[in-house]
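Thanks for coming. I will take the overall fold after one small point of terms, then go through some individual residues.

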Amino acid sequence: MKHSLVRDTIVETASNLFYQKGYNLTGINEIIREAGVAKATLYSHFKSKEDLCLAYLEFKNTTFLKEIKSFTSKAPKGKKQVLALFDFLKSFFKDKDFNGCWCINTISEIPKDNEKIRKEIKKEKYQLITFIEELVASNFPKLTKKKIPTLAKKIYLLYESAIAESHLHQDPWAIDSAKELCDLILPK
C-alpha cells in the first residue's frame with residue numbers, strides 16, 4: 001500500500017473505533033488488527049495514541065464540515081438555510097452509527113491537562129462557530145457585523161445541546177426543539 005493510503009486506512013479505522021467505543025476503550029493493538037497493519041507501520045505514521053487521536057479529530061471534523069456545508073447550501077436562502085443546520089443534525093442522528101459529538105466524547109475521556117487534544121477540539125468548535133457566522137451573514141445581510149457573532153454563538157449552543165440531548169435520550173425531540181428555538185431567535 002502507498003504511504004498515504006496506509007495512513008488513511010489507519011486514521012479511518014481508528015476513527016470508527018474511537019467514535020463507537022471511545023478513546024480510552026480502544027487499544028492500539030485493536031487498531032492495528034482492524035487496520036491490517038503492523039505495529040511498526042502504525043508507529044511510523046503516528047508517534048503515540050495521542051497523535052492518532054488528533055488525526056481522528058481532524059478527519060471527523062473535515063468530513064463533518066464538508067457535509068454540513070453541502071447540506072445547508074442546498075436549502076433555500078434565508079431562515080430555511082440556517083435552520084437546515086438542524087435538518088442536517090436530524091439526518092446525522094438517524095444514521096445507524098450516531099454516537100453523539102466526537103469532540104465532546106473525546107474531551108470527556110482525556111485528562112484535564114491534555115492541552116494538545118483540548119486545543120484541537122476548541123479549534124474545531126470555533127470552525128463550526130465561524131461557519132455558522134458565515135451562514136448567518138450570507139442569509140441575513142441586514143444584520144450588523146456586531147450582531148452576527150452573537151447570534152451565531154446562540155445557534156451554536158442550540159446545535160451543541162441538541163447533539164448532546166438527542167444522544168442521551170436516543171430521541172430527536174431535542175433537535176426539533178432546538179430548531180424551533182432557533183427559528184424564534186432568527187431575524188424576521
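One definition before anything else: a charge is said to sit over a ring if NZ of Lys or CZ of Arg is within 6 Å of the ring centre and within 35 degrees of the ring normal. With that in hand, look at Lys-60, which lies over the face of Tyr-19, at 4.0 Å from the ring centre. There is another case at Tyr-23, where the charged end of Lys-49 sits over the ring, 4.6 Å from its centre. Please keep in mind throughout that this is a predicted model.

Now the overall picture. The chain has nine helices and zero strands, so to speak of its order along the sequence is simply to write α-α-α-α-α-α-α-α-α. The C-alpha trace spans about 60 × 35 × 35 Å along its principal axes. There are 188 residues in the chain, and 45% of them count as buried. If you take the contacts in the chain with a separation of 6 or more, 68% come from residues 24 or more positions apart.

On the surface, about 10,600 Å² is exposed by the chain, and 56% of that is supplied by carbon and sulfur atoms. As for charge, I count 32 positive and 24 negative side chains, with the centres of the two sets 6 Å apart.

Next, the aromatics. How many aromatic pairs does a search of the whole structure find? The search finds 10. Take Phe-71 and Phe-88: their ring centres are 5.6 Å apart and their planes are at 65°, so this pair is edge-to-face. Phe-71 belongs to helix 4, residues 49-73, and Phe-88 to helix 5, residues 79-94, so the pair ties together parts that are 17 residues apart in sequence. The two partners have these accessibilities: Phe-71 is at 32% relative accessibility and therefore counts as partly exposed, while Phe-88 is at 6% and counts as buried. Both rings belong to one aromatic cluster, formed by Phe-64, Phe-71, Phe-88, Phe-92, Phe-93, Phe-98 and Trp-102.

Trp-102 comes up again with Asn-61, a residue of helix 4. Is Asn-61 buried or exposed? Its relative accessible area is 5%, so Asn-61 is buried, given that buried means under 20%. Leaving aside neighbours within four places in sequence, Asn-61 is in contact with Trp-102, Glu-124 and Gln-127.

Let me go back to the start of the chain. Helix 1 covers residues 3-21, and Gln-20 lies in it. Gln-20 counts as partly exposed, at 38% relative accessibility. Which residues does Gln-20 contact, leaving aside its neighbours within four places in sequence? They are Asp-97 and Asn-99. Asp-97 is 77 residues from Gln-20 in sequence, yet the C-alpha to C-alpha separation is 7.4 Å.

Helix 2 runs over residues 28-35, and its buried residues are Ile-28, Glu-30, Ile-31, Ile-32 and Ala-35. Note that Glu-30 is on that list. After helix 2 comes Gly-36, with a positive phi near 70°.

There is a positive phi at Gln-170 too, about 55°, although Gln-170 is not a glycine. Why point it out? Because most residues other than glycine have a negative phi. Gln-170 sits in the loop between helix 8 (147-169) and helix 9 (173-185).

Helix 9 also holds Cys-182. With a relative accessible area of 0%, Cys-182 is buried. Not counting neighbours within four places in sequence, Cys-182 is in contact with Val-82, Leu-83, Phe-86, Ile-155 and Leu-158. For Leu-158, the separation is 24 residues in sequence and 7.2 Å in space, C-alpha to C-alpha.

Val-82 leads to the last residue, since Asn-139 touches Val-82 as well as Lys-77, Gly-78 and Gln-81, with residues up to four places away in sequence not counted. Asn-139 is in helix 7, residues 115-139. At 8% relative accessibility, Asn-139 counts as buried. By contrast with those contacts, Thr-41 is 47 Å from Asn-139, C-alpha to C-alpha, with their positions 98 residues apart in sequence numbering.

That is the tour. I can take questions.

Technical notes. Residues are numbered from 1 along each chain as its sequence is written. This is a predicted model: local features need pLDDT of at least 70, side-chain atom pairs count only at pLDDT 80 or more; totals for chains, interfaces and linings use all residues. Side-chain values use heavy atoms; hydrogens and water are left out. Rings of Phe, Tyr and Trp (its six-membered ring) pair if their centres lie within 6.5 Å; planes under 30 degrees apart count as stacked, over 60 as edge-to-face and the rest as tilted. Helices (H or I, at least four residues) and strands (E, at least two) are DSSP runs, numbered from the N terminus. Buried means under 20% relative accessible area, exposed over 50%, partly exposed in between (1.4 Å probe, protein chains only). Contact means heavy atoms within 4.5 Å. Accessible areas come from the Shrake-Rupley method with a 1.4 Å probe; for residues, only the protein chains shown count as cover. Lys and Arg count as positive and Asp and Glu as negative; His and the chain ends are not counted. The place of a charge is taken as NZ of Lys, CZ of Arg, CG of Asp or CD of Glu.
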